[in-house]
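Trainee: I'd like to go through this one by asking you things as I look. Make me follow the reasoning, please.

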Amino acid sequence: MILSREREPLAFEDRLLSQDLWIDRVSLMALWNEPVRLFRLANLLREERCGEDVSFVVNRNVNFTNLCVGSCRFCAFRRSDGYLLSEEEILDRVAAAEMFSATEICIQGGLAPGLVLEDYCRILESVKENYPRMHLHAYSPMEVFYMSKNSGITPADSIRELKRAGLGSMPGTAAEILVDRVRKEICPSKLTTSEWRDVITTAHGLGVLTTSTMLYGHLESLEDRISHLLLLREIQAETGGFTEFVLLPFMSGNNDLGPWSQRMGHLENLKMHALARVALHPLIANIQASWVKLGRDLAGRTTLWGVNDLGGTLMEENISRTAGSVETECMTPGQFRDLIERNGRVPVQRTTLYGRMR
Ligand code: SF4
């Protein structure tokens, strides 16, 4: 059932809709316990901001290495005897993406020992040289932090060089939960909240847009999730550099954190997506659900309650699969269109930066 505006919104909802109010922490906590009101409000705000369109991007992941010096307890991807793709192997993957009419290559990997800025730039340059029209969405704030440290330079200098090498935008991953108490538990060797913020705002200041993300459903509390959302909203108010917010439900397979994590059911996942829409309104317009983590059917249902984007075709997916995802590695544009239409929305193929594809 889609609740429409035929019902009179309450004054509180009216003020949110007119963008005269940003919701506060206490109201977000209260909404969590009033799911009907939460869903209704999320849907109204989605409609207000995005209309009936639900978008997707034709892209390919290239996880160029699973070697990593990190120690994230939620990770099932890292391997001590893992791989590091050669330039040729990377280009083979990009060639397959080109055949698939992809417009974006998303490049991320583990923190392989000894990698420096030049190594990261070389990957971008070789892809850009061979496929100049491909948008390169690459390197998390943690990777930027790592390459900068290994190269003895600042993140700002790294980002300038990456841009010169062909970087188009950056994934706002490695955010996990931006509360240091939780980070110490789940990813003790990762950059801190203020270091993450610093890399992200530096990128925005240099004209590199990023996504924003949240890994939820492990050890964090609802309050921690709300702190995370409010911090992202604050950054967006300052820089305007986030293109979207992506919810990443924790996958509990094959990792150290799995046995200790909370188990979130379908209702809680739907509520979390709805809460993100409300918390980030009106500053972050695009709220994305991950079909590979939620499963495509549930991801489709989120579009009824606040979500307006279903991410990318991916073509290759290693992070969630190693942690227990039973989804396929690729969703075709036709499958996206079917899923979106089945949920009563209008499918739109987009670019990485939310331009409409003709
Ligand atoms: S999540 Fe990334 S940084 Fe952390 S251990 Fe896994 S590969 Fe390394």
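Trainee: Helices H4 and H5 first: are they parallel or oblique to each other?
Mentor: Helix H4 (residues 87-99) packs on helix H5 (residues 117-130) at about 45°, with the axes 10 Å apart. Helices here are DSSP runs of H or I of at least four residues, strands are E runs of at least two, and both are numbered from the N terminus. Axes are lines fitted to C-alpha atoms over the stretch in contact, with angles from 0 to 180 degrees between N-to-C directions; under 35 degrees is roughly parallel, over 145 roughly antiparallel, 65 to 115 roughly perpendicular and the rest oblique. So H4 and H5 are oblique.

Trainee: Which residues of H5 make the contact with H4?
Mentor: Contact means C-beta atoms, placed from the backbone, within 7 Å of each other. H4 brings Glu-87, Ile-90, Leu-91 and Val-94, and they meet, on H5, Ile-123, Ser-126, Val-127 and Asn-130.

Trainee: By class, how many residues in that contact of H4 with H5 are nonpolar?
Mentor: Ala, Val, Leu, Ile, Met, Phe, Trp, Tyr, Cys and Pro count as nonpolar, Asp, Glu, Lys and Arg as charged, and the others, Gly among them, as polar. Two residues of the contact are polar and one is charged, and the nonpolar ones number five.

Trainee: What kind of model is this, and how are residues numbered?
Mentor: It's a predicted model: local features need pLDDT of at least 70, side-chain atom pairs count only at pLDDT 80 or more, and totals for chains, interfaces and linings use all residues. Residues are numbered along each chain as its sequence is written, starting from 1.

Trainee: How does H2 run relative to H11: roughly parallel or roughly antiparallel?
Mentor: Helix H2 (residues 25-32) and H11 pack at about 155°, with axes 11 Å apart. That angle makes the pair roughly antiparallel.

Trainee: Which residues of H11 does H2 meet?
Mentor: H2 offers Leu-28, Leu-31 and Trp-32. Their partners in H11 are Lys-271, Leu-275, Val-278 and Ala-279.

Trainee: Staying in H11, is Ala-276 buried or exposed?
Mentor: A residue is buried if 20 or more other C-beta atoms lie within 10 Å of its own, exposed if 12 or fewer, and partly exposed in between, with C-beta atoms placed from the backbone. Ala-276, which sits in helix H11, touches Leu-229, Phe-245, Leu-247, Ile-287 and Gly-306, not counting residues up to four places away in sequence. Having 30 C-beta neighbours inside 10 Å, Ala-276 therefore counts as buried.

Trainee: Where does Pro-282, the one after the cis peptide bond, sit?
Mentor: Most peptide bonds are trans. The bond from His-281 to Pro-282 is cis, with omega near 0°. Pro-282 belongs to the loop between helix H11 (266-280) and strand E7 (287-289).

Trainee: Tyr-139 has a positive phi; is that residue buried or exposed?
Mentor: Most residues other than glycine have a negative phi. Tyr-139, at about 70°, has a positive one, and it lies in the loop between strand E4 (135-138) and helix H6 (141-151). Because 28 other C-beta atoms lie within 10 Å, Tyr-139 is buried.

Trainee: And what does Asn-254 count as?
Mentor: Asn-254 also has a positive phi, about 55°, and is found in the loop between strand E6 (242-249) and H11. With 13 C-beta neighbours inside 10 Å, Asn-254 counts as partly exposed.

Note on methods:
Two residues are in contact if their C-beta atoms, placed from the backbone, lie within 7 Å.
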